Amino acid sequence: MICTGSLAGTATATMTNTVTIAANCSISTLGFTTTYDPVVVNATANQDVTASVTTTCTVGASPVVTLGQGANANTGSTDAVPLRRLSSGGGSPSYLNYGMFSDSGRTVTWGNTAATAPTAVTATGSATALTVYARVPSGQTGPATTFTDAVIATVTF
């Protein structure tokens with residue numbers, strides 16, 4: 001007997017593939033650098049400068065950016081009302097007070113709580129830069145040296 005064709009059976013199934021995009025953010029910072037002149041210019045005028053925090057967050061995330069009290073916070077400093085200071089370093093450091101604000105008028109302190117964080121953070125999937133408005137108040141003195149502080153920027157989403 002010679003077979004000229006064969007019948008084959010078939011079966012099918014649907015494969016469901018799933019990808020979940022997780023809410024995620026990254027954060028980077030650029031601090032300020034300035035010169036403070038306690039004798040002439042800043043004897044009576046504040047030194048206003050800017051810094052920046054940039055976040056990139058997944059679309060749909062709800063990012064909140066907070067700024068810590070700094071490594072040299074003054075006595076009485078809190079996350080809601082940070083009393084930030086720049087330090088000259090060394091064994092007996094000198095300090096310069098300064099503030100960080102979320103508005104150009106430098107009236108809204110940017111602290112380490114959601115209530116003090118700016119509300120203009122958008123999760124677009126692209127980098128979003130936030131301006132940090134800083135002020136070193138006038139009338140402070142110290143030795144001729146470099147003063148620094150380290151503030152932790154956090155994005156919660």
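**Entry 1: Asp48 and its partners**

I began with Asp48, which I found to be partly exposed, because its relative accessible area is 33%, and I note at once that I am working on a predicted model. Asp48 forms a salt bridge with Arg135, and the closest N and O atoms of this pair are 2.7 Å apart. The two residues come from distant parts of the chain, with Arg135 in strand E6 and Asp48 in strand E2, 87 residues apart. For Arg135 I looked up the relative accessibility and read 22%, so I entered it as partly exposed.

A further partner of Asp48 is Arg106, and in this salt bridge the closest N and O atoms are 3.6 Å apart. Because Asp48 sits in strand E2 while Arg106 belongs to the loop between E5 and E6, this pair ties together parts that are 58 residues apart in sequence. How many salt bridges does the count give? I obtained 2 salt bridges, and through shared partners Asp48, Arg106 and Arg135 are joined into one network. As background I wrote down that side chains of opposite charge can pair when their charged atoms come close.

**Entry 2: the backbone at Arg106**

I then stayed with Arg106, which lies in the loop between E5 and E6. Is Arg106 buried or exposed? Its relative accessible area is 12%, and since buried means under 20%, I recorded Arg106 as buried. Phi of Arg106 is near 55°, a positive value in a residue other than glycine. I marked this for a second look because most residues other than glycine have a negative phi.

**Entry 3: strand E2 and its neighbours**

Next I followed the side chains along E2 and found that they alternate, with Gln47, Val49, Ala51, Val53, Thr55 and Cys57 pointing to one face, where they are buried. Asp48, Thr50, Ser52, Thr54 and Thr56 point to the other face and are not buried. This is in keeping with the rule that in a regular strand the side chains alternate between the two faces of the sheet.

For the pairing of E2 with E6 I noted 10 bridges, the two strands running antiparallel. Asp48 stands opposite Arg135 of E6 in this pairing, and I set that beside the salt bridge that Arg135 forms with Asp48. E1 is also joined to E2 in the antiparallel sense, by 6 bridges, and here Thr29 stands opposite Val53 of E2.

**Entry 4: the sheet as a whole**

In what order do the strands of the open sheet lie? I traced 5 strands in the order E1-E2-E6-E5-E4, with antiparallel pairing. E1 and strand E4 (84-87) are the edge strands, each pairing on one side only. Neighbouring strands of this sheet are turned against each other by 30° on average, with direction ignored.

At the E4 edge I checked the side chains and found that Arg84 and Leu86 point one way, Arg85 and Ser87 the other way, and that all of them are buried. E4 pairs with E5 over 4 bridges in the antiparallel sense, and in E5 the bridge partner of Ser87 is Tyr95.

**Entry 5: the largest pocket**

I turned to the largest pocket, which holds about 660 Å³ of space. Which residues lie nearest its centre? Among the 31 residues of the lining, these are Phe32, Thr33, Leu86, Phe147 and Thr148. The elements that give two or more residues to this lining are strand E1 (25-30), strand E2 (47-57), strand E5 (95-101) and strand E6 (127-136). Sorted by class, the lining has 19 nonpolar, 11 polar and 1 charged residues. Leu86, listed above near the centre, is one of the buried residues of E4.

**Entry 6: two exposed positions**

Last, I looked up two positions outside the strands. Ala22 lies in the segment before E1, and because its relative accessible area is 53%, I entered it as exposed. Ala22 and Gly60 are 38 residues apart in sequence, and their C-alpha atoms are 9.7 Å apart in space.

Thr35 is found in the loop between E1 and helix H1 (41-44), and with a relative accessible area of 67% it too is exposed. For Thr35 and Val64, which are 29 residues apart in sequence, I recorded a C-alpha to C-alpha distance of 31 Å.

Technical notes: Residues numbered from 1 in each chain as written. Predicted model: local features only at pLDDT ≥ 70, side-chain atom pairs only at ≥ 80, totals over all residues. Heavy atoms only, no water. 1 Å grid on protein atoms, 1.4 Å probe; cavity = no way out; pocket = protein on both sides within 12 Å on 5 of 7 lines; lining within 4 Å. Points joined across faces, edges and corners; volume = space filled by probe spheres on them. Nonpolar A, V, L, I, M, F, W, Y, C, P; charged D, E, K, R; others polar. Buried < 20%, exposed > 50% of the residue type's maximum accessible area, 1.4 Å probe, protein only. Pairing = 2+ DSSP bridges. Axes fitted to C-alpha atoms, helices over the stretch in contact; angles between N-to-C directions. Salt bridge = Lys/Arg side-chain N within 4 Å of Asp/Glu carboxyl O.
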